[in-house]
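Subject: A structure for you to look at

Hello,

Here is the structure I promised to pass on to you. Please open it beside this email and look up each residue as you read.

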Amino acid sequence: MNPPCGRCKKPVYPTEKINCLDKYWHKGCFSCEVCKMALSMTNYKGFEKKPYCSMHYPKTSFTIVTDTPENLRLKQQSMLNSQALYKEDFEKNKGKGFSVVVDTPEMQRVKKTQDQISNIKYHEEFEKSKIRSDAPPPENRQDYEEQPPNPERFSQPAGQMRPAAVAPPCGGKRYQAMYSYTAAEADEVSLLEGDVILDVEPIDEGWVFGCNQRTGQRGMLPANYVRPV
């Protein structure tokens with residue numbers, strides 16, 4: 001039994017049969033679906049089991065998805081999942097910043113250097129604050145600067161301090177000079193080794209008042225230069 005033609009549905013005899021696109025065709029029926037141009041096995045293009053010429057071959061296009069209730073539900077569910085994931089990532093990274101710094105040896109060296117600089121600055125500020133705390137308050141500092149210097153406080157001789165020469169009452173002890181001494185002030189007495197000092201009276205620590213028997217001078221003399229006789 002001869003199969004029917006794919007276009008005219010009439011029987012196709014073996015002498016004129018073309019087997020293509022899972023169908024049998026008459027040679028005259030194997031033509032383009034649009035322009036009816038006769039085709040052969042070398043120049044046809046098949047689409048949905050129908051022959052086309054190269055000019056009228058259907059262009060492929062994107063499939064349009066119908067907004068069915070099921071598709072709308074899936075779309076809404078996907079949006080909710082995306083928002084949930086976004087909020088979760090936001091809470092995890094909250095307060096951590098957006099850039100992740102790798103803890104490389106170079107970064108560790110830089111961090112250590114910054115810590116050392118911070119410590120140095122801290123000690124400098126600490127020392128400055130100590131100096132400021134040791135200084136007198138502004139009101140006391142002004143009074144201290146305006147206060148005139150005390151001459152008695154700064155006018156100390158290079159040697160021993162001594163009081164002013166005041167003659168004690170007569171009737172003191174007798175002393176003898178162990179060393180020679182040259183008077184440095186007008187109220188002092190010069191000594192030679194062996195001089196006898198009359199009416200000796202102590203007037204302050206390290207100084208005595210007396211009269212040199214040899215010269216007749218009366219005045220002050222160092223106590224460690226004479227000894228009692």
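Below is what I found in it, starting with a sheet and ending with the cysteines.

Please keep in mind that this is a predicted model.

**The sheet**

A good place to begin is an open sheet of five strands, with antiparallel pairing and the order 8-7-6-5-9. Its edge strands are strand 8 (218-222) and strand 9 (226-228), each of which pairs on one side only. From one strand to the next, the twist averages 45°. As general background, strands of a sheet pair through backbone hydrogen bonds, and they can do this in a parallel or an antiparallel way.

Now for the pairs themselves. Strand 7 and strand 8 run antiparallel and are joined by five bridges; in one of the pairings to look up, Cys211 has Arg218 of strand 8 as its bridge partner. Strand 5 (residues 173-177) is joined to strand 6 (residues 196-204) by three bridges, and three bridges also link strand 5 to strand 9. Gln176 is a nice residue to find here: it stands opposite Val196 in strand 6, and its bridge partner in strand 9 is Arg227.

**Two residues to visit**

Try Val208, which sits in strand 7 (residues 207-212). Is Val208 buried or exposed? Its relative accessible area is 8%, and under 20% counts as buried, so Val208 is buried. Val208 and Leu221 are 13 residues apart in sequence, yet their C-alpha atoms are 5.7 Å apart in space. Leaving aside neighbours within four places in sequence, the contacts of Val208 include Val200, Ile203, Met220 and Leu221.

Next, go to Asp195, in the loop between strand 5 and strand 6. Asp195 also counts as buried, at 7% relative accessibility. What does the side chain of Asp195 reach at 2.9 Å? The answer is the backbone nitrogen of Leu192. The Asp195 side chain also makes a polar contact with the side chain of Asn212, at 3.3 Å. Not counting residues up to four places away in sequence, Asp195 touches Tyr175, Gln176, Ala177, Asn212 and Arg214.

**The nonpolar cores**

The largest nonpolar core has 13 residues, and those touching the most other members are Tyr175, Leu191, Ile197, Val200, Leu221 and Val226. Strand 5, strand 6, strand 7 and strand 8 each supply at least two residues of this core, and the largest share, three residues, comes from strand 7. Apart from this core lies another one, of nine residues, among them Cys20, Leu21, Phe30 and Tyr52.

Ile197 is worth a click as well. Beyond its neighbours within four places in sequence, Ile197 is in contact with residues including Tyr175, Leu191, Leu221 and Val226.

**The cysteines**

How many disulfides does a search of the whole structure find? It finds zero. In general, a disulfide is a covalent bond between the sulfur atoms of two cysteines. For Cys35, the closest cysteine sulfur is in Cys32, 3.7 Å away; a disulfide needs the sulfur atoms within 2.5 Å, so this pair is too far apart for a bond. Cys35 is partly exposed, at 35% relative accessibility, whereas Cys20 is buried, with a relative accessible area of 5%.

Enjoy exploring, and write back with any questions.

Best wishes

Note on methods:
Residues are numbered from 1 along each chain as its sequence is written. This is a predicted model: local features need pLDDT of at least 70, side-chain atom pairs count only at pLDDT 80 or more; totals for chains, interfaces and linings use all residues. Side-chain values use heavy atoms; hydrogens and water are left out. Helices (H or I, at least four residues) and strands (E, at least two) are DSSP runs, numbered from the N terminus. Buried means under 20% relative accessible area, exposed over 50%, partly exposed in between (1.4 Å probe, protein chains only). Contact means heavy atoms within 4.5 Å. Two strands pair if DSSP finds at least two bridges between them. Axes are lines fitted to C-alpha atoms, for helices over the stretch in contact, and angles run from 0 to 180 degrees between N-to-C directions. A polar contact is a pair of N or O atoms within 3.5 Å; within protein, one must be able to donate a hydrogen and the other to accept it, and residues adjacent in sequence count only if both atoms are side-chain atoms. A nonpolar core is a set of buried Ala, Val, Leu, Ile, Met, Phe, Trp, Tyr and Cys residues joined through side-chain atoms within 4.5 Å.
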